[in-house]
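This report covers the contacts between chains and the surroundings of two residues. The structure is shown first, and the notes follow.

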Number of protein chains: 4
Amino acid sequence: MNGHSFIEVRTIAQKKNNEKYEAILNAAVKVIGQAGYHNAPISKIAREAGVADGTVYLYFKNKEDILISILRETIGTIVDRIHDELKLEDGDAAESLKGLITIYFGIFGVNPDLAMFTQVHLRQSNAEMRKQIGDIIRPYYQIIDQIILKGIESGVFRESMDKRIARRMIFGTMDETVTAWILTGAKYSLASQVQPVYDVMVGGLRA
Amino acid sequence: MNGHSFIEVRTIAQKKNNEKYEAILNAAVKVIGQAGYHNAPISKIAREAGVADGTVYLYFKNKEDILISILRETIGTIVDRIHDELKLEDGDAAESLKGLITIYFGIFGVNPDLAMFTQVHLRQSNAEMRKQIGDIIRPYYQIIDQIILKGIESGVFRESMDKRIARRMIFGTMDETVTAWILTGAKYSLASQVQPVYDVMVGGLRA
Amino acid sequence: MNGHSFIEVRTIAQKKNNEKYEAILNAAVKVIGQAGYHNAPISKIAREAGVADGTVYLYFKNKEDILISILRETIGTIVDRIHDELKLEDGDAAESLKGLITIYFGIFGVNPDLAMFTQVHLRQSNAEMRKQIGDIIRPYYQIIDQIILKGIESGVFRESMDKRIARRMIFGTMDETVTAWILTGAKYSLASQVQPVYDVMVGGLRA
Amino acid sequence: MNGHSFIEVRTIAQKKNNEKYEAILNAAVKVIGQAGYHNAPISKIAREAGVADGTVYLYFKNKEDILISILRETIGTIVDRIHDELKLEDGDAAESLKGLITIYFGIFGVNPDLAMFTQVHLRQSNAEMRKQIGDIIRPYYQIIDQIILKGIESGVFRESMDKRIARRMIFGTMDETVTAWILTGAKYSLASQVQPVYDVMVGGLRA
DNA sequence: GATGAATGAGCGTTCATTCAT
DNA sequence: TATGAATGAACGCTCATTCAT
């Protein structure tokens, strides 16, 4: 699905009809995004995808696998696009950060269902899934870390701050902005938030 | 449970037996916090609380009511403590912000189950619950807004930034810090994060 | 409650506060009559009666006992009034029949809840209760039989007809009339139906 | 099931597998007929029908739908057979009446469970179901009305009587006869009651 | 591969009944 | 007597998953 996934382990049906695989995933994003994981019966996802209930199990091990797959594809897409569009190695750190926010808001801004899905389901209390999600999200965190490091090395970012906290601030602020955008009904453009969000991240609160 | 609740409408059993009410809430925090709302049967919560299944319904209208009640009590406690311990009106904005973080991390730092519960379940995809949660969390947001405003007026915080984004940054950063703390097993002290978090919030990334 | 009950076996609390006994029965007639036996919780009956749930069990063995008691009291009242107001032994058969209808419609006509209760709950599929109801209703049937017999002996009623069928016709017609009256909302006076019902019973369909 | 149902709206599973649909209905007639609606768990009906609990819900919306469906099929069958076997338009009114009784007793006479079911559950205290039952039973009432009218027009039945009361007498007498037959254990043949019942209906009590 | 009927474990909730006060 | 909090069995219904076709 995305270049990033060349190491992807698609347990079942990797060679199978990709159209149906995509259809089911898209249907799941929509149905789960709107109703929530536990209020989204497989039967409803299947109907939305235009396949039979049983067909879902030809492409996914179980319901949990659908959820994990969506997160993997989504984060994968984000990571891929960042690698593709941003020169992480040699570019300007500030520019990279703004690029990161732009891509992040760009992907969710055109797909509120996907945004909702991600906001709600990245937070999982089930221990086993938490581990899987951790693995999925790691490369994304690493990109943020990389940008921070580059910024520090190039002297644009402060050296004195806690780098992990900086990462959480970046991620948390973007996350919270997307959440607020959804909860208010996605009425304005997420893209319009890139600049003010970037500004607060970099400048902080201090006068 | 918290002074904030003097207007509290406990529809059922506002009776004397607060002990069982508390026991059920605590059990629910634990069970739901560990397994997730949809993997936490009432029967398990009841057993953990040491009561019969039916007893739960003497104190709560239904399962959803338990979830909402926990969030209300938790946010209520935070808001109460802030009002009690911080001089929001006349105090120093920077100090208020640090106090906010201290209280927030203090409450969750001693109760990882509650932290987990809140992190996961403040994000709800069910539309009706989202509305209720919105109402519950509003006073908390207002406190953050108040601190930001005070900071700007007193000249400690920048006037040029987007105030809503600033609020989301504050909330998102704390949230993300707590989440990370849980996911890594709550092995270090959350209190130790107050200063670095505050520092990043106020100073931002810029060198 | 009715003279007829001097042999009544009030299993519990026969010497107890009769006011509460009556209050519970009346409440049960109302609540069960409107909602049906299985949609009428004891708690609701108790509340309607102004007593605590547990109190109900001081006056009745269990919920079934309430139902049986109401039927017993109701049929008992009917039977008593017939014995009191009609000269079954020496009176005119036609007059007795009309008197029977008048009393029957009179009792239910002023109490639609009781009418509903009786119509629905005289029909019971539970085998054990069916037996008890049979015992309760027997004296009522015997009165009808007695009237028929007297009519035949005095030459006012046909000898050639099947006497049991005649009894069922009398009971079934009254029953059906009361049922129809309730189902249409008890908007007209049941008393107004005495004459036409009597007329059809006695005259039959034949021109 | 019956020709009458060509407009039947079988919301779920109008699928080919009528066998299971029928099996569940028959099982429900038996189990509910013997134990009563509220003492007949779906699990017991399913077991009797030889299917899993969940299967019931592939064929019926809910438990109430089973009850309504049975009544609809039963009354439908009666109405169909009357239309098929009786010349309502041009036949003799007396003959039509006897035919009606014959069919009615014929259907229930071979199926005491169904008779019990119908006797008990046509009387429903639940307001919403009462409306549905009213709709179901209407065509049956109309047939009786039609017979009465035809009788009056052809001069066989009295014009002076109340026609609605006459209908209730006919229905009530048949009903009561079936009820009595069941309550006494269905030991004699219902068919043997056709003539005496007809006789009492037409002749009335008068000598 | 694709289907969808069938399964049955599992859960939220109700409510008759009990019993300590 | 009277109370009403507490109990826990019972039931309607859902839905992830399987498998014969």
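Between chain B and chain A there are six salt bridges. The model is a predicted one, and every value below is computed from it. One of these bridges pairs B:Asp175 with A:Arg123, with 3.2 Å between the closest N and O atoms. Polar contacts across this interface come to 16 residue pairs, both residues at pLDDT 80 or more. On the side of chain B that touches chain A, two or more residues come from each of α1 (18–35), α6 (112–121), α7 (127–153), α8 (163–183) and α9 (194–203) of chain B. The element that gives the most is α8(B), with 14 residues. Sorted by class, this side of chain B holds 24 nonpolar, 16 polar and nine charged residues.

The interface of chain D and chain C also has six salt bridges. Among them is the one between C:Asp199 and D:Arg158, at 3.3 Å from N to O. Here 16 residue pairs are in polar contact, both at pLDDT 80 or more. The side of chain D that touches chain C draws at least two residues from each of α1 (18–35), α6 (112–121), α7 (127–153), α8 (163–183) and α9 (194–203) of chain D. Its largest share, 14 residues, belongs to α8(D). The residues on this side of chain D are 24 nonpolar, 16 polar and nine charged.

The table sets out the residues in contact and the area buried for these two pairs of chains.

| Chains | Residues in contact | Area buried | Share from carbon and sulfur atoms |
|---|---|---|---|
| Chain B and chain A | 49 residues from chain B, 46 residues from chain A | about 4300 Å² | 60% |
| Chain D and chain C | 49 residues of chain D, 46 residues of chain C | about 4300 Å² | 61% |

About 4300 Å² is buried between chain D and chain C. Of the area that chain D buries there, 19% is supplied by D:Arg123, D:Arg158 and D:Leu205, more than by any other three residues. D:Arg158 is also the residue that forms the salt bridge with C:Asp199.

Two other pairings of chains have no contact. Chain B and chain C do not touch, and their closest C-alpha atoms are 13 Å apart. No contact joins chain A and chain D either, with 13 Å between their nearest C-alpha atoms.

Two residues of chain A are described next. Which residues does A:Leu97 touch, leaving out those up to four places away in sequence? Within chain A they are A:Ile147, A:Phe157, A:Ile170, A:Tyr198, A:Met201 and A:Val202, and from chain B there is B:Leu205. A:Leu97 sits in helix α5 (residues 93–109) of chain A. Its relative accessible area is 1%, so A:Leu97 counts as buried, the cut-off being under 20%. A:Leu67 is 30 residues from A:Leu97 in sequence, and the two C-alpha atoms are 28 Å apart in space.

A:Asp65 belongs to helix α4 (residues 63–85) of chain A. Why does A:Asp65, though buried, have no salt bridge? The nearest side chain of opposite charge, that of A:Arg72, is 4.4 Å away, and a salt bridge requires a side-chain nitrogen of Lys or Arg within 4 Å of a carboxyl oxygen, so the pair does not qualify. The side chain of A:Asp65 does reach the backbone nitrogen of A:Lys61, at 3.0 Å.

Technical notes. Residues numbered from 1 in each chain as written. Chains lettered and ligands numbered in written order. Predicted model: local features only at pLDDT ≥ 70, side-chain atom pairs only at ≥ 80, totals over all residues. Heavy atoms only, no water. Helix = DSSP H or I, 4+ residues; strand = E, 2+ residues; numbered from the N terminus. Buried < 20%, exposed > 50% of the residue type's maximum accessible area, 1.4 Å probe, protein only. Lys, Arg positive; Asp, Glu negative; His and termini not counted. Polar contact = N/O pair within 3.5 Å; in protein donor to acceptor, adjacent residues only side chain to side chain. Contact = heavy atoms within 4.5 Å. Buried area = accessible area lost by both parts, 1.4 Å probe. Nonpolar A, V, L, I, M, F, W, Y, C, P; charged D, E, K, R; others polar.
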